[in-house]
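Please look through the structure below, beginning with its strands and moving on to the ligand.

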Amino acid sequence: MKKRDHPVDDVRRFLEPGPVVLVSSAWKGKTDIMTMGWHMVMGEAPSLVGCFIWDQNHSFEMIRKSRECVINVPAVDLAATVVKIGNTSGAAVDKFERFGLTAVPGRKVKAPLIDECHANFECRLVDSSLIRRYSLFVFEVVKGHARVRPKFPRTLHYRGDGLFMIAGPTVRRYRKGFKPEMLRA
Ligand SMILES: Cc1cc2nc3c(=O)[nH]c(=O)nc-3n(C[C@H](O)[C@H](O)[C@H](O)COP(=O)(O)O)c2cc1C
């Protein structure tokens, strides 16, 4: 099949799976929220998630110092808010107030949950060794909260350049050839 060269600095457009999440944090009586597309699952038990947090973001120091955050999963109903949160710095703005979001206290961390999101994962920073070099925070999810319905929310997935994909149908048709034991270490 004919293919063109593709610039290596653009391959992320194919690999960024999403879902886009909102990361909330708290430090010294203030809260913040950032939009995040660059994250990956790094383990199941313990449940580990690696997150790229740019050091110029206000959230960076809040999370580095508090060593906690909440990863909130929004669905398509929050799409416009997700973009606005990503276009605003929390240095001077209370994003919960500005965007009309409800902060719910965490059970295990001081960072607040965003009630309007479909799911909320309370996280503790368990490895800070890659922050300086890669801005990569490795978190352990210590408590999860998720709505029961819908089972598969219409999440947002970033395609770069301000373009988003909205999660589509969930299909069963490939399940019979699937070997779950091959996915586990
Ligand atoms: C769709 C989208 C995805 C983003 N993904 C990331 C990301 O993975 N990491 C990051 O550091 N910033 C990301 N950003 C940018 C931050 O959300 C943005 O800089 C935000 O304003 C930071 O807020 P803060 O300064 O209050 O922390 C993303 C923004 C958008 C709109």
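A residue counts as buried when its relative accessible area is under 20%. The model shown here is predicted. By that cut-off, 6 of the 7 residues of strand S1, which spans residues 21-27, are buried, so S1 is largely enclosed by the rest of the structure.

S1 pairs with two strands described here. Strand S2 (residues 30-36) runs antiparallel to S1 and is joined to it by 7 bridges; among the paired residues, Ser-24 of S1 has Ile-33 of S2 as its bridge partner. The hairpin of S1 and S2 has 2 residues between the strands, and in this hairpin Lys-28 takes a positive phi near 50 degrees. Strand S5 (residues 68-73) is also antiparallel to S1, with 3 bridges joining the two. Here Val-23 has Ile-71 in S5 as its bridge partner.

S2 leads on to the ligand, since S2 gives the most to the shell around the ligand, with 5 residues. The ligand sits in the largest pocket. Besides S2, helix H2 (58-66) and helix H3 (79-86) give two or more residues to the shell. In total, 21 residues surround the ligand, and the closest are Asp-32, Trp-54, Ser-59, Thr-88 and Gly-90.

Several polar contacts can be located. An N or O atom in the side chain of Asp-32 is 2.6 Å from an oxygen atom of the ligand. Two other contacts use the backbone: an N or O atom of Gly-37 lies 3.0 Å from a ligand nitrogen atom, and one of His-58 lies 2.8 Å from a ligand oxygen atom. On its own the ligand has 640 Å² of accessible area, of which the protein covers 86%.

Definitions and conventions: Residues are numbered from 1 along each chain as its sequence is written. This is a predicted model: local features need pLDDT of at least 70, side-chain atom pairs count only at pLDDT 80 or more; totals for chains, interfaces and linings use all residues. Side-chain values use heavy atoms; hydrogens and water are left out. Buried means under 20% relative accessible area, exposed over 50%, partly exposed in between (1.4 Å probe, protein chains only). Helices (H or I, at least four residues) and strands (E, at least two) are DSSP runs, numbered from the N terminus. Two strands pair if DSSP finds at least two bridges between them. A residue is near a molecule or strand if one of its heavy atoms lies within 4 Å of it. A polar contact is a pair of N or O atoms within 3.5 Å; within protein, one must be able to donate a hydrogen and the other to accept it, and residues adjacent in sequence count only if both atoms are side-chain atoms. Accessible areas come from the Shrake-Rupley method with a 1.4 Å probe; for residues, only the protein chains shown count as cover. On a 1 Å grid over the protein atoms alone, a cavity is a set of points where a 1.4 Å probe fits but cannot get out, and a pocket is an open set with protein on both sides within 12 Å along at least five of seven lines; lining residues have an atom within 4 Å of a point. A molecule sits in a cavity or pocket if more than half of its atoms lie within 2 Å of its grid points.
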